[in-house]
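Please open the model in your viewer and keep the sequence panel at hand. The tour below proceeds by selection, with a short account of what each selection shows.

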Amino acid sequence: MKARYAGGVTYLLVIVCLLLMRISSSLGVYAALGADPDAMFTCVVQILCFGALPLACWFAFAHGMRTDKLPALADDFSLKKPSLRNLLLTLALAIPAVAVTSAVSTAWTRILYVIGYDFPSSDPVAQTAAELFSELALVAVLPALFEEFTHRGLLLAAYGDRGERAALVSALLFALMHQNIRQTGYTFVFGVILALVVIYSRSLLPAVLLHFFNNFVSVCYGFADMDPVFAFMDSARVWLQTDRIGSAVSAVIFVASAAACILILYAMRTPLVKEGRLPARFPAPVPADALPLYKDIPFLVTVAAGVAVTVFSLVWRLT
């Protein structure tokens, strides 16, 4: 119960901090400081909101700032070395996981188009090596490290009493955290995969690697003019999403990738079942003394805030 309270309140504070950062960004605070506003916003949000704040608050609420409890933080946030087997399975999972989330993203985008969502145009990106490394740092490296620290480290520590169902809690809050209807669908699916990987590997590192790879691929699409490999990736993506035959191929890839994800996650889970650390039944039943989500006030407030902002992002862009 103490872990649930500590994690729930901590994550609520993280979301409040994130909202304040977004408001300050919309008011031009970062631009007024004379720096790249997007880069500064990303650095502040990732390092402060998803790094320093959850670590400090969890240490205060869960461990009462006791210095003798510092080593426990590594266990709390799954900051452990994964087994070689799980690391190899993670590498095998990378491509099918990206394929699944990409297909969900495409389907979600089409649904938004149908209901009249007006997608904002993105600013052109300079096709230079310096800009590429900058984008990788801001879009791939920082989120992979700090978003995983909070959403798979903190949240799974807080909701671990829900067993494998904690993956749904983590994924839901991860999707709502983006506060943008465009990202809600695929981030939920990707969040479930990431959470299950951490639960089965008992390590945050595999999720960090998967998150980085997913965002790395996304960044590469934006630099199609710079590299022939990136150009091929982008052309293939467009063909799969727009051509009739490409759409059929995309559907086959989605089914095969979804099956691959299930099989790989099953392979990760199997040793835990044999060791008696998880029951054969999936998902593992929630203990009777676990606090129901409908009685978890911090969780309900966080979800309500996330839903409100996400719905606002939808209504604002409807034409």
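Begin with helix α3, which bends by about 35° at Leu53. Select Pro54 as well, since this proline follows the bend residue within four residues. The model is a predicted one, and the values quoted on this tour are computed from it.

Next, select residues 37-63, the full extent of α3. How far apart are the end C-alpha atoms of this helix? They lie 36 Å apart, and because 27 residues at 1.5 Å a residue should span 39 Å, the two values agree. Step past the end of the helix to Gly64, which follows α3 and has a positive phi, near 60°.

**Salt bridges**

Turn now to the charged side chains. In general, side chains of opposite charge can pair when their charged atoms come close. The whole structure contains nine salt bridges, and three of them are visited here.

Select Arg66 and Asp68. Their side chains form a salt bridge in which the closest N and O atoms are 2.8 Å apart. Asp68 is partly exposed, at 47% relative accessibility, and Arg66 is likewise partly exposed, at 44%.

Select Arg4 and Asp161. Here a salt bridge joins the two side chains at 3.0 Å, N to O. The pair connects distant parts of the chain, 157 residues apart: Arg4 belongs to helix α1 (residues 2-26), whereas Asp161 sits in the loop between α6 (129-158) and α7 (166-177). Are these two partners buried or exposed? Arg4 has a relative accessible area of 3% and is therefore buried, the limit being under 20%. Asp161, at 26%, counts as partly exposed.

Select Glu148 and Arg152, both in helix α6. The closest N and O atoms of this salt bridge are 2.7 Å apart. Because the two residues are four apart in the helix, about one helical turn separates them. Arg152 is buried, with a relative accessible area of 0%, and Glu148 is also buried, at 0%. Elsewhere, add Asp296 to the earlier selection of Arg4 and Asp161: salt bridges with shared partners join these three residues into one network.

**The cavity**

Move to the enclosed space. The structure holds one cavity of 30 Å³ or more, and the largest cavity has a volume of about 60 Å³. To display its lining, select Tyr11, Ile15, Leu173, Leu176, Met177, Gln179, Thr302, Val303, Ala305 and Gly306. Which helices each supply at least two residues of this lining? They are α1, α7 and α12 (297-317). The largest share, four residues, comes from α12. By class, the lining has seven nonpolar, three polar and no charged residues.

**The second largest pocket**

Finish at the second largest pocket, which holds about 300 Å³ of space. Select Leu196, Cys261, Ile262, Leu265 and Phe282, which are the closest to its centre of the 15 lining residues. Then colour α5 (84-114), α8 (181-201) and α11 (244-274), the elements that give two or more residues to the lining. Among these, α11 gives the most, with seven residues. The lining of this pocket comprises 14 nonpolar, no polar and one charged residues.

Technical notes. Residues numbered from 1 in each chain as written. Predicted model: local features only at pLDDT ≥ 70, side-chain atom pairs only at ≥ 80, totals over all residues. Heavy atoms only, no water. Salt bridge = Lys/Arg side-chain N within 4 Å of Asp/Glu carboxyl O. Buried < 20%, exposed > 50% of the residue type's maximum accessible area, 1.4 Å probe, protein only. Expected span 1.5 Å × (residues − 1). Bend = angle between axes of the 7 residues up to and from the residue. 1 Å grid on protein atoms, 1.4 Å probe; cavity = no way out; pocket = protein on both sides within 12 Å on 5 of 7 lines; lining within 4 Å. Points joined across faces, edges and corners; volume = space filled by probe spheres on them. Nonpolar A, V, L, I, M, F, W, Y, C, P; charged D, E, K, R; others polar.
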